[in-house]
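User: Could you walk me through how the labels on this model are justified? I'd like to see each value set against its definition.

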Amino acid sequence: MIRVMLVDDQELLRTGFRMVLGSHPDVEIVAEAGNGAEAVEATRRVAVDVVLMDVRMPVMDGVEATRLICSVPTGPRVLILTTFDLDEYAFAALKAGASGFLLKDVPPSDLVSAIRSVHSGDAVVAPSTTRRLLERFVVHLPAAGPAGTAEPTALAGVTAREREVLVLVARGLSNTEIAGRLQLAEATVKTHLGRVLAKLNLRDRAQVIVYAYESGLVTPRSAD
């Protein structure tokens, strides 16, 4: 059973998500919240596996709530709920530890699939989709350094092959595509990616992409 919390200041949206998810026997809505502060408090009282988190809310927005929730090593994983036009808050939430994006008008089957995927530790959305979303607003963030800037010292411990995998992940390639590009077994790609996560203290694939953009290893132009 996957224990889910819905966080959105619009009760109608929460009702819609509850109706969609309630028809699946492996998903249980265990908590709801109308703002980030309520969400953080709820995770302290209720065992939650996955949080569906809106970003623009009163009292405490989804970015700060995500940061607090993800700061707990055993805390739930967070999926960001965002509108089609997107905004810089979604990127900030990824930096804060969120595992990926979901559009609020996501088809029901995709919503359930995303929850199951993130619960199992897999990618939430296609890597190429994440990359396109990042490119939309990475240019608006002062933290996103240009290519050619000094590399973070943490990269010194990353091998040349691991760096190749890191860059290809950030450019939107799946593990299968990376395996084909580098002529490696897919299991080997997963091993390299796992080592990148450990060495750079990153939580998942989404944060690898954020790291690559912010460190200047990949820019929107170079990712094409």
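User: Which residues of helix H2 are buried, and what does buried mean here?

Analyst: In H2, residues 36–45, the buried ones are Gly-36, Ala-39, Val-40 and Ala-42. Buried means under 20% relative accessible area, exposed over 50%, and partly exposed in between, with a 1.4 Å probe and protein chains only. Helices (H or I, at least four residues) and strands (E, at least two) are DSSP runs, numbered from the N terminus. Please keep in mind that this is a predicted model, where local features need pLDDT of at least 70 and side-chain atom pairs count only at pLDDT 80 or more, while totals for chains, interfaces and linings use all residues. Residues are numbered from 1 along each chain as its sequence is written, and side-chain values use heavy atoms, leaving out hydrogens and water.

User: Why are the buried residues of H2 said to line one face of the helix?

Analyst: Seen down the axis of H2, they fall within an arc of 160°, so they line one face. That arc is taken from the directions from the helix axis to the C-beta atoms. The face turned away from the buried side carries Arg-44 and Arg-45, which are exposed. What covers the buried residues includes strands E1 (2–7), E2 (27–33) and E3 (50–54), and helix H3 (62–70).

User: What makes the contact at the start of H2 a polar one?

Analyst: A polar contact is a pair of N or O atoms within 3.5 Å; within protein, one must be able to donate a hydrogen and the other to accept it, and residues adjacent in sequence count only if both atoms are side-chain atoms. Here a side-chain oxygen of Asn-35 comes to within 3.0 Å of the backbone nitrogen of Ala-37, so the pair meets the distance limit of 3.5 Å.

User: Why are E1 and E2 called paired?

Analyst: Two strands pair if DSSP finds at least two bridges between them. Six bridges join E1 to E2, so they qualify, and the two run parallel. One example is Val-4, whose bridge partner in E2 is Ile-29. The open sheet has five strands in the order E2-E1-E3-E4-E5, with parallel pairing. E2 and E5 (100–103) are the edge strands, each pairing on one side only.

User: How do you know that the length of H5 fits a helix?

Analyst: The expected span is 1.5 Å times one less than the number of residues. For the 13 residues of H5 that gives 18 Å, and the end C-alpha atoms are 19 Å apart, which agrees. H5 (residues 108–120) is followed by Gly-121, whose phi is positive, near 95°.

User: What makes Met-53 count as buried, and what is around that residue?

Analyst: Met-53 lies in strand E3. Its relative accessible area is 0%, under the 20% limit, so Met-53 is buried. Contact means heavy atoms within 4.5 Å; leaving aside neighbours within four places in sequence, the contacts of Met-53 include Val-7, Ala-39, Ile-69 and Leu-81. Val-78 is another contact, and its C-alpha atom is 6.6 Å from that of Met-53, though the two are 25 residues apart along the chain.

User: Why is Arg-77 called buried?

Analyst: Arg-77, in strand E4, has 16% relative accessibility, which is under 20%, so Arg-77 counts as buried. Its side chain joins that of Ser-99 in a polar contact of 3.3 Å and reaches the backbone oxygen of Val-118 at 3.0 Å.

Definitions and conventions. Axes fitted to C-alpha atoms, helices over the stretch in contact; angles between N-to-C directions.
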